[in-house]
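Q: Hey, I've got a protein model open and I'm new to this. Can you talk me through it?

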Amino acid sequence: RLSITPPRPPPCHYHRMASTIVSATTCRAAYAVALISITAVAPTLASATSLGPLSTGLALDAIATAIVYAFSVASNNSSVYDPFWCILPLWLG
């Protein structure tokens with residue numbers, strides 16, 4: 001009798017980095033810090049550089065992305081980053 005077993009997948013480090021539960025307060029704090037930061041930086045960025053509105057928006061998006069990503073990494077839960085795509089465009093608009 002021939003027994004065929006499927007090959008084992010290669011060892012992966014991702015299974016050790018299970019997501020943790022993050023409170024709504026932590027998520028709100030991440031977005032509040034990001035939005036307050038880009039609101040504070042926007043006038044300085046617009047007046048200190050010759051960037052157009054699209055480039056300014058891209059720079060502000062990068063700043064907010066870095067802040068929310070840092071909260072995501074610190075809380076070991078990438079879901080903190082998920083609502084970012086719905087919230088930030090409204091703020092930049």
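Q: Where does α1 bend, and by about how many degrees?
A: The bend is at V41, and it comes to about 35°. There's also a proline, P43, which follows within four residues. Keep in mind that this is a predicted model.

Q: How far does α1 reach from its first C-alpha to its last?
A: It reaches 36 Å with its 25 residues. That's close to the 36 Å expected at 1.5 Å a residue.

Q: Which residues in α1 are buried?
A: In α1 the buried ones are A30, Y31, A34, L35, I38 and L45.

Q: OK, stepping back a bit. How many helices and strands does the protein have?
A: Three helices and zero strands. Read from the N terminus, the order of elements is α-α-α.

Q: Now α2. Why does its end-to-end distance agree with what you'd expect?
A: Helix α2 covers residues 53-74, so it has 22 residues, and at 1.5 Å a residue these should span 32 Å. Its end C-alpha atoms are 31 Å apart, which agrees.

Q: And which residues of α2 are buried?
A: T56, L60, A64, T65, I67, V68 and S72.

Q: Let's zoom in on T56. Why does T56 count as buried?
A: Its relative accessible area is 11%, and buried means under 20%, so T56 makes the cut.

Q: What is T56 in contact with, leaving aside its neighbours within four places in sequence?
A: T56 is in contact with L45 and L51. L45 is itself one of the buried residues in α1.

Q: What about A62, why is it called partly exposed?
A: A62 is found in helix α2 as well. Its relative accessibility is 45%, and partly exposed lies between the 20% and 50% cut-offs, so that's the label it gets.

Q: How far is the C-alpha of A62 from that of I38?
A: They're separated by 9.6 Å, and the two residues are 24 apart along the chain.

Q: Switching topic: which residues touch the most other members in the largest nonpolar core?
A: That core has 14 residues, and the ones touching the most other members are A34, I38, A64, V68, V80 and F84. α1 and α2 each supply at least two residues of this core. The largest share, six residues, comes from α1.

Q: How much of the whole protein is buried?
A: Buried residues make up 22% of the 93 residues. The accessible surface comes to about 7000 Å², and 69% of that belongs to carbon and sulfur atoms.

Q: What share of the contacts with a separation of 6 or more is between residues 24 or more positions apart?
A: That share is 70%.

Q: What's up with the phi of N76?
A: N76 has a positive phi of about 55° although it is not a glycine. Most residues other than glycine have a negative phi.

Q: Where does N76 lie?
A: N76 is in the loop between α2 and α3, just after α2. With a relative accessible area of 32%, N76 is partly exposed.

Q: Last thing: what's the average pLDDT of the protein?
A: The average is 77, and 74% of the residues score at least 70.

Q: Where does pLDDT stay under 50?
A: Over residues 11-17. For that stretch, the model has one contact beyond four places in sequence.

Methods:
Residues numbered from 1 in each chain as written. Predicted model: local features only at pLDDT ≥ 70, side-chain atom pairs only at ≥ 80, totals over all residues. Heavy atoms only, no water. Expected span 1.5 Å × (residues − 1). Buried < 20%, exposed > 50% of the residue type's maximum accessible area, 1.4 Å probe, protein only. Contact = heavy atoms within 4.5 Å. Areas by Shrake-Rupley, 256 points an atom, 1.4 Å probe, with all protein chains shown as cover. Core = buried A, V, L, I, M, F, W, Y, C linked by side-chain atoms within 4.5 Å. pLDDT = per-residue confidence, 0-100. Bend = angle between axes of the 7 residues up to and from the residue.
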